[in-house]
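Subject: The structure we talked about

Hi,

Here is the structure I promised to pass on. Have a look at it first, and then read my notes underneath.

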Amino acid sequence: MLNFSRSLDDSRNAYNHKCEETLYGSLPYSVRATKKGGVPCVVESRKHTKVVVLSNIEGDATALLSALQKKLGTGGVCKGKSIEVQGEHHLEKVKNFCLTSGCVVGASKQNKAAAAAAETQKKNKNTKNKTDMASTKTKPLIDVTKLLSSKEVKGMKPAELKDHLSARQLSTQGNKKELVSRLMHFLQQN
């Protein structure tokens, strides 16, 4: 009789483990959606600050907290089956993270689509900013053959002086006075 009860307990544990794997997917945690299919996430007031509270967490809540902290770069605390993240401005970021990572069980298609759209919009914005920054970083070509007057050289800003010096393969170290004298010396010799 004892062996039968052990094997029954072992089979129950195996069944529960399989249920947990299918429930959580590859993640060690999941979040149960609200009745309307949203993320159970609200802003609550504490003594002197406001926090975002994510509730209905099943599984390893500390792993979810760790993932949120890495994504948001903020502090937080795990309290039972809920997580508190510092700062009320993280509300939408927490919702989008939960929906895009796939840890919300029972989320509506509308909420998932909105989170995916926000994520792609963010990626497009980041790539646009990178291309804009790359295009603004290109320095204008300096015409080395053009003769410069001493008044033009003295009126240049240090960044312009350095551009002219580097175009002529001269050192760009020093303050403005040294840069002006170096460029003027080179122009007088040539």
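Below is what I found in it, sheet by sheet and then on to the rest. Keep in mind that this is a predicted model.

**The four-stranded sheet**

Let's start with the sheet made of four strands, which is open, antiparallel and ordered 2-3-6-5. Its edges are strand 2 and strand 5, each of which pairs on one side only. Going from one strand to the next, the twist averages 25°.

Two helices pack on this sheet. Helix 2 touches strand 3, strand 5 and strand 6, and its direction makes about 165° with that of strand 5. Helix 3 touches strand 2 and strand 3, and here the angle, taken with the direction of strand 2, is about 150°.

Now zoom in on strand 5 (residues 76-79) and strand 6, which are antiparallel and share four bridges. They make a hairpin with two residues between them, and G80 in that turn has a positive phi of about 65°. If you want to trace the pairing yourself, find V77, whose bridge partner in strand 6 is E84. Then find C78, which stands opposite I83 in strand 6.

Another residue to click on is S82, in strand 6 (residues 82-86). Is S82 buried or exposed? The cut-off for buried is under 20% relative accessible area. S82 has 16% relative accessibility, so it counts as buried. Leaving out residues up to four places away in sequence, S82 touches V53, L54, S55, I57 and V77.

**The three-stranded sheet**

The other sheet I looked at is open too, with three strands in the order 4-1-7 and mixed pairing. Strand 4 (57-59) and strand 7 (104-105) are the edge strands, each pairing on one side only. Helix 2 (residues 61-72) packs on this sheet as well, touching strand 1 and strand 4, and its direction makes about 90° with that of strand 1.

Strand 1 (residues 29-32) and strand 7 run parallel and are joined by two bridges. In that pairing, look for R32, which stands opposite V105 in strand 7.

**Salt bridges**

How many salt bridges does the structure hold? There are four.

One of them brings us back to R32: it forms a salt bridge with E58, and their closest N and O atoms are 3.2 Å apart. Because E58 lies in strand 4 and R32 in strand 1, the pair ties together parts that are 26 residues apart in sequence. Both ends are partly exposed: E58 is at 22% relative accessibility, and R32 has a relative accessible area of 33%.

Next, go to R46. Its side chain meets that of E44 in a salt bridge, with 3.0 Å from N to O. R46 counts as partly exposed at 32% relative accessibility, and E44 is partly exposed too, at 31%.

R46 also meets the side chain of E84 in a salt bridge, at 2.5 Å from N to O. E84 lies in strand 6, while R46 lies in the loop between strand 2 (41-45) and strand 3 (50-54), so this pair links parts 38 residues apart in sequence. With 10% relative accessibility, E84 counts as buried. Through shared partners, salt bridges join E44, R46, K79 and E84 into one network.

**The largest pocket**

The largest pocket holds about 210 Å³ of space. Its lining is K71, L72, E92, K93, N96, F97, A118, E119 and K122. The elements that give two or more residues to this lining are helix 2, helix 3 (91-101) and helix 4 (109-136). Which helix gives the largest share of the lining? That is helix 3, with four residues.

**Helix 6**

Last stop: helix 6 (residues 158-167), whose buried residues are L161, D163, H164 and L165. Among the things covering these buried residues are helix 5 (150-155) and helix 7 (176-189). After helix 6 comes Q169, which has a positive phi near 60°.

That's the tour. Shout if you get lost anywhere along the way.

Cheers

Technical notes. Residues are numbered from 1 along each chain as its sequence is written. This is a predicted model: local features need pLDDT of at least 70, side-chain atom pairs count only at pLDDT 80 or more; totals for chains, interfaces and linings use all residues. Side-chain values use heavy atoms; hydrogens and water are left out. Buried means under 20% relative accessible area, exposed over 50%, partly exposed in between (1.4 Å probe, protein chains only). Contact means heavy atoms within 4.5 Å. Two strands pair if DSSP finds at least two bridges between them. Axes are lines fitted to C-alpha atoms, for helices over the stretch in contact, and angles run from 0 to 180 degrees between N-to-C directions. On a 1 Å grid over the protein atoms alone, a cavity is a set of points where a 1.4 Å probe fits but cannot get out, and a pocket is an open set with protein on both sides within 12 Å along at least five of seven lines; lining residues have an atom within 4 Å of a point. Grid points are joined across faces, edges and corners, and a volume is the space filled by probe spheres set on the points.
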